[in-house]
Amino acid sequence: RNKMPPAADPTSISKADPNTVLPAAIVTLSGPQPLGQLQQVADEQIKRAFESVEGVGSVQLTGGPTREIWVKADPIKLRARGLGFNSLQQALQAEQLEQPAGSLTEATRSTSIRLNGLVTQPSQLGQIVVAQPQSVAVYVNDVASIEDTYAKTVAIDRLNGQPAVTLTAYRLPSANIIDVSRGVREKIATL
């Protein structure tokens with residue numbers, strides 16, 4: 001415990017079923033590249049490659065920064081246009097937002113937001129119409145600010161004392177852990 005950061009939670013021990021929680025493979029990436037670049041390569045290339053291995057049920061990525069897009073509602077601007085927080089939330093949801101991207105925040109509450117392929121840049125969220133009273137469109141940009149940021153760090157991975165990104169591949173319940181582990185190793189050799 002004395003080597004842990006002061007803000008770290010105390011260690012805990014819990015009971016688990018090794019048939020469902022043991023990873024088939026753990027791969028850690030570290031190097032001279034910025035951590036964000038390692039995260040991007042791990043997420044866009046390596047994770048997808050691991051997910052294509054027969055018997056892999058899921059791949060968890062930890063250690064790197066997780067990008068989030070925050071839509072921060074301005075309650076004064078919303079009220080001035082006769083709108084509420086729900087109007088903004090419904091407008092964003094009506095755009096069929098599909099991927100986790102961050103949060104819509106107001107002083108006392110926060111709602112998760114998901115992006116789809118139609119919105120390729122966070123700034124495009126600002127062009128979504130919230131309401132159109134009296135033929136004058138009210139856009140997200142008119143009542144909220146948009147921040148392209150990173151989620152709060154909840155895990156720090158290190159390899160030989162250097163910041164790292166870790167990919168953990170879990171097998172499907174019906175898959176053989178040895179075959180999955182072998183498949184992941186073979187996939188690494190092709191990358």
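**A guided reading of the predicted chain**

The protein chain comprises six helices and 10 strands, and the coordinates come from a predicted model. Of its 191 residues, 33% count as buried. Among contacts between residues at least 6 apart in sequence, 66% join residues at least 24 apart.

Helix H6, covering residues 177-190, serves as the starting point. Its 14 residues reach 20 Å from the first C-alpha to the last, close to the 20 Å expected at 1.5 Å a residue. The buried residues of this helix are Val180, Ser181, Gly183 and Val184. These residues lie on the same side of H6, because they cover an arc of only 160° around the axis. Their packing partners are strand E1 (25-29), helix H2 (35-51), strand E2 (56-62) and strand E10 (162-171).

The face of H6 turned away from its buried side carries Ile178, Arg185, Ala189 and Thr190, which are exposed. Ile178 also takes part in the capping of the helix: a side-chain oxygen of Asn176 lies 2.7 Å from the backbone nitrogen of Ile178, and Asn176 thereby caps the N-terminal end of H6.

Attention now turns to strand E9, which spans residues 157-159 and contains Asp157. Asp157 is buried, yet it has no salt bridge. The nearest side chain of opposite charge belongs to Arg158 and is 8.9 Å away, whereas a salt bridge requires a side-chain nitrogen of Lys or Arg within 4 Å of a carboxyl oxygen. The side chain of Asp157 does, however, form a polar contact of 2.7 Å with the side chain of Thr62. When residues up to four places away in sequence are not counted, Asp157 touches Thr62, Gly63, Gln162, Pro163, Ala164, Val165 and Thr166. Thr62 belongs to strand E2 (56-62), one of the elements against which the buried residues of H6 pack.

The loop between E9 and E10 holds a further point of interest, Asn160. What is the phi of Asn160? The angle is near 55°, a positive value in a residue other than glycine. Most residues other than glycine have a negative phi. Asn160 is exposed, with a relative accessible area of 74%. Asp157 in E9, by contrast, is buried.

Notes. Residues are numbered from 1 along each chain as its sequence is written. This is a predicted model: local features need pLDDT of at least 70, side-chain atom pairs count only at pLDDT 80 or more; totals for chains, interfaces and linings use all residues. Side-chain values use heavy atoms; hydrogens and water are left out. Helices (H or I, at least four residues) and strands (E, at least two) are DSSP runs, numbered from the N terminus. Buried means under 20% relative accessible area, exposed over 50%, partly exposed in between (1.4 Å probe, protein chains only). Lys and Arg count as positive and Asp and Glu as negative; His and the chain ends are not counted. A polar contact is a pair of N or O atoms within 3.5 Å; within protein, one must be able to donate a hydrogen and the other to accept it, and residues adjacent in sequence count only if both atoms are side-chain atoms. Contact means heavy atoms within 4.5 Å. The expected span of a helix is 1.5 Å times one less than its number of residues. The arc is that of the directions from the helix axis to the C-beta atoms.
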